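Here's a walk through a protein–DNA model, written for someone who'd rather be at the bench. Have the structure open and follow along.

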There are 2 protein chains.
Amino acid sequence: MEIELQIKMNEKLFLRNPEQSELGKKIIMHSIRLIHKNGFEAFTFKKLAEEVGTTEAGVYRYFENKHRLLIYIAAWYWAWLEYQVMYQTNNIHDPVVKLKMIIKLLATTVKEGVQTSYVDANLLHQIIITEGSKTYLTKRVSEDNNDKLFKPYKDLCAHIAQVILEYNPNYRYPKSLASTIIEMAHFQNFFKDHLPSLTDFGDKKDESDTVAFLEDMLFRVLNCHEN
Amino acid sequence: MEIELQIKMNEKLFLRNPEQSELGKKIIMHSIRLIHKNGFEAFTFKKLAEEVGTTEAGVYRYFENKHRLLIYIAAWYWAWLEYQVMYQTNNIHDPVVKLKMIIKLLATTVKEGVQTSYVDANLLHQIIITEGSKTYLTKRVSEDNNDKLFKPYKDLCAHIAQVILEYNPNYRYPKSLASTIIEMAHFQNFFKDHLPSLTDFGDKKDESDTVAFLEDMLFRVLNCHEN
DNA sequence: TCTATATTGATAGTAATACTATCTTTTATA
DNA sequence: TATAAAAGATAGTATTACTATCAATATAGA
């Protein structure tokens, strides 16, 4: 049995739905590869078109501009991650186990569960670490937010906040703690690889220290009595 | 008595030292104003030159490109902030008081202590919230890091980690906790203003909720027994 | 199967951006 | 007052970020 995951994306994220054509899928696939390779700043629709084997105009038919495309793939990532969280924590009743699973999913590179044909979830995870916050750190946040472009991110955050409250219903900052965990799952990994003196992690290659730090922090916060 | 604060900047941050000429100071001053107004993406040396009353070439004599300029003002900010921390926590022996002061300095808009002639610390603080992480979230991090461009940031982080250890010498992740506090002081404020559902803060205008959240988190982590 | 429609390809063009180069004038300084 | 350093003025280039147009092709419905 082969199951393919289809994520329904907000219409405002694109001009033409890239999931509904070969060209569209190639655009997404090569965007991820190119952004991963050269970074978002060096990424242009011209280079993308070359890789894909179409023209600049061809890409512009799908996405207004490269920032929108970045928001698209980020939204896809967050929706996909929330699905992973749902899937992996389904039938688990102990919120401790759930929260540990969530941290693991946030902070570690994925060992593919349900396959998605044209998106490389590992590359995407790496991209979101470096480029993810650029989606909203702009002068246009509020407009983009009104268009619900960040809904998948906010949904995931709300979901995690829920589990936090399940574990400790009296904790006063579940959403802020959730967004902290999400962001730090990325930032601490980035720091580990590129600015290690901002962390306490040696030069270990994997993300186990990041996971340990986040778990330690989360459960200290949730177990500790008010100060 | 008028004291002016001079921050000694790494030579690699600029081509010509902007602190040593009127034009240079104007470039910094108007950069801050323009980036604050339009955001870093829309900021160009041409527009800057117009504001300053010089030419594009004039600006290029001081800074290689706009990214370097951003790193410069960010470095200035972090150096300035570490000075503020030093100054405000001097002669305080209780690490609790010190840590609370640090959080306050990180998260709240400044009420000028020692004046700096041409840098508007309030605008700068706002800029760093939105644009600060863009200084290092690039493909060039490692090179820039080798050039010591992020030293002020790392120094501040190390300083805070020190105070954390003063309070709890057994805590295992002082640097990661410090960088978490620094980043979240900015992100939670940004979220509060632009993506409020990622926080637990109402629509209060000031930063008191952010401060409360960070203090609560920090001291729970440091007071709590190992899990 | 024919035909209307949507999609893609190919090409061209424009305004703005991110620079580099050069030459002249002004300013500081010894 | 001579000299060097800084700033001003101007020009030019390659790339980026688009928009527009028209022909070719695929597809889907009648």
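Around DNA strand D there are 17 residues, and Tyr60(A), Arg16(B), Thr54(B), Arg61(B) and Tyr62(B) come nearest; "near" here means that a heavy atom of the residue lies within 4 Å of the strand. Keep in mind that this is a predicted model, where local features need pLDDT of at least 70 and side-chain atom pairs count only at pLDDT 80 or more, while totals for chains, interfaces and linings use all residues. As for bookkeeping, residues are numbered from 1 along each chain as its sequence is written, chains are lettered from A and ligands numbered from 1 in the order in which they are written, and side-chain values use heavy atoms, leaving out hydrogens and water.

Back to strand D. Of its atoms within 4 Å of the protein, 50% belong to sugar or phosphate and the rest to bases. The surface near this strand divides into 5 nonpolar, 5 polar and 7 charged residues. In that sorting, Ala, Val, Leu, Ile, Met, Phe, Trp, Tyr, Cys and Pro count as nonpolar, Asp, Glu, Lys and Arg as charged, and the others, Gly among them, as polar. Helix H3 (residues 56–60) of chain A gives the largest share of the surface near strand D, 3 residues; helices are DSSP runs (H or I, at least four residues), numbered from the N terminus.

Now for DNA strand C. It is surrounded by 16 residues, the closest being Arg16(A), Thr54(A), Arg61(A), Tyr62(A) and Tyr60(B). Sugar or phosphate makes up 44% of the strand C atoms within 4 Å of the protein, with bases making up the rest. Here helix H3 (residues 56–60) of chain B gives the most to the nearby surface, with 3 residues. That surface splits into 4 nonpolar, 5 polar and 7 charged residues.

The table gives some polar contacts to the DNA (pairs of N or O atoms within 3.5 Å).

| Side chain | DNA atom | Distance |
|---|---|---|
| Arg16(A) | phosphate oxygen, strand C | 2.9 Å |
| Ser21(A) | phosphate oxygen, strand C | 3.5 Å |
| Tyr62(A) | phosphate oxygen, strand C | 2.7 Å |
| Glu56(A) | base nitrogen, strand D | 3.2 Å |
| Tyr60(A) | sugar or linking oxygen, strand D | 3.1 Å |
| Arg61(B) | base oxygen, strand D | 2.8 Å |

Next, how the two chains meet. Chain A puts 56 residues into the contact and chain B puts in 56 residues, with contact meaning heavy atoms within 4.5 Å. About 4,800 Å² is buried between chain A and chain B, and carbon and sulfur atoms give 62% of that. Leu137(A), Asp200(A) and Arg220(A) supply 16% of the area that chain A buries against chain B, more than any other three residues. Buried area is the accessible area (1.4 Å probe) that two parts lose on being put together, summed over both.

Helix H10 (residues 208–223) of chain B is worth a look too. Of its 16 residues, 12 are buried, that is, under 20% relative accessible area (1.4 Å probe, protein chains only). Among them are Phe213(B), Leu214(B), Met217(B) and Arg220(B). The buried residues of H10(B) pack against H9 and H10 of chain A, together with H5, H8 and H9 of chain B.

Finally, pick out Glu183(A), in helix H9 of chain A. Is this residue buried or exposed? Glu183(A) counts as buried because its relative accessibility is 5%. Leaving aside residues up to four places away in sequence, Glu183(A) touches Tyr136(A), Tyr153(A), Met184(B), Phe187(B) and Phe191(B).

Methods
A polar contact is a pair of N or O atoms within 3.5 Å; within protein, one must be able to donate a hydrogen and the other to accept it, and residues adjacent in sequence count only if both atoms are side-chain atoms. Helices (H or I, at least four residues) and strands (E, at least two) are DSSP runs, numbered from the N terminus. Buried means under 20% relative accessible area, exposed over 50%, partly exposed in between (1.4 Å probe, protein chains only).
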